[in-house]
Amino acid sequence: MAELEILRVPVLNDNYVWLVHDNESGETLVVDPAVAEPVLAAAGAQGWAISQIWNTHWHGDHIGGNAGIVAATGAKVTAPAAELSRIPDVDRPVGEGDRVRIGAHEALVLSVPAHTAGHVAYHFADDAVVFVGDTMFAMGCGRLFEGTAEQMYTNMRRFEAMPDETRVYCAHEYTLSNGVFAVRAEPDNEAMTARLAQVEAMRARGEATVPTTIAAEKATNPFLRAGSVAELARRRAEKDKG
Ligand code: ZN
Ligand code: FE
């Protein structure tokens, strides 16, 4: 099976929309389209026709482009069944254990509540790729708007169990502020200090720091590394203070 081509479309302040193209079937998927126009333009520039939209959760900066993309392409929308009341016009409601496909590439749907109550991730195990939305970020995790630290702790265990080389596609460029906090949380962690310096240099050059990998997050993510629910909760509360 040929490798999926994954293209980053930076939109709004700090959102990343992901275009995923499968050469064999010619199918193109978009994950979490915050907006329609720049995503349609980016796909058009590649000669790709979008046939599917996958949403991780109901927030506007993840579904705002659904209607425009559907109107332009007829794409089918896959989204969390638990958030159907908040996401219009879903064709395929999904939850834990469901399998969704682009061409012959199959992703397992993981229920990862905490940022929102019905948040899902899409894990292409054979491709070593996971789309995590706003659940985990490079060196960070999503805010606990509709869930608990216990749920987020469980989510982190699931990500941690994935193979090290798994590429993690999150939906925001938050790495610099996350890295500053990470070094505060674990001042003696040399991997964190080194990564923060690297991230500072990349951001100064205007470069994206996403995707990340499970290996990098195991070494430098203070939420994945939190040793207990209480420690994760404490770190999340401290980060929320800014
Ligand atoms: Zn969100
Ligand atoms: Fe978001």
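**Close-up views of a metal site and its aromatic neighbours**

**View 1. The iron site is irregular.** The four donor atoms around the iron ion (ligand 2) make angles of 84 to 168 degrees, an irregular arrangement (four donors are tetrahedral if all angles lie between 85 and 135 degrees, square planar if opposite donors are over 155 degrees apart and all others between 65 and 115; anything else is irregular). This is a predicted model, in which local features need pLDDT of at least 70 and side-chain atom pairs pLDDT 80 or more, while totals for chains, interfaces and linings use all residues. Residues are numbered from 1 along each chain, and side-chain values use heavy atoms, without hydrogens and water. Its protein donors (N, O and S atoms within 2.8 Å of the metal, or 3.2 Å for Na, K and Ca) are D61 (OD), H62 (NE2), D134 (OD) and H172 (NE2), 2.1 to 2.4 Å away.

**View 2. D134 bridges two metals.** Here D134 joins the iron ion (ligand 2) to the zinc ion (ligand 1), with 3.2 Å between the ions. D134 is buried at 3% relative accessible area, whereas D61 is partly exposed at 21% (buried is under 20%, exposed over 50%, partly exposed in between; 1.4 Å probe, protein chains only).

**View 3. W18 meets Y169.** Eight aromatic pairs turn up across the whole structure (Phe, Tyr or six-membered Trp ring centres within 6.5 Å; planes under 30 degrees apart are stacked, over 60 edge-to-face, the rest tilted). W18 and Y169 pair edge-to-face, at 4.8 Å between centres and 80 degrees between planes. Both W18 and Y169 are buried.

Notes
Chains lettered and ligands numbered in written order. Tetrahedral: all angles 85-135°; square planar, octahedral: opposite > 155°, others 65-115°.
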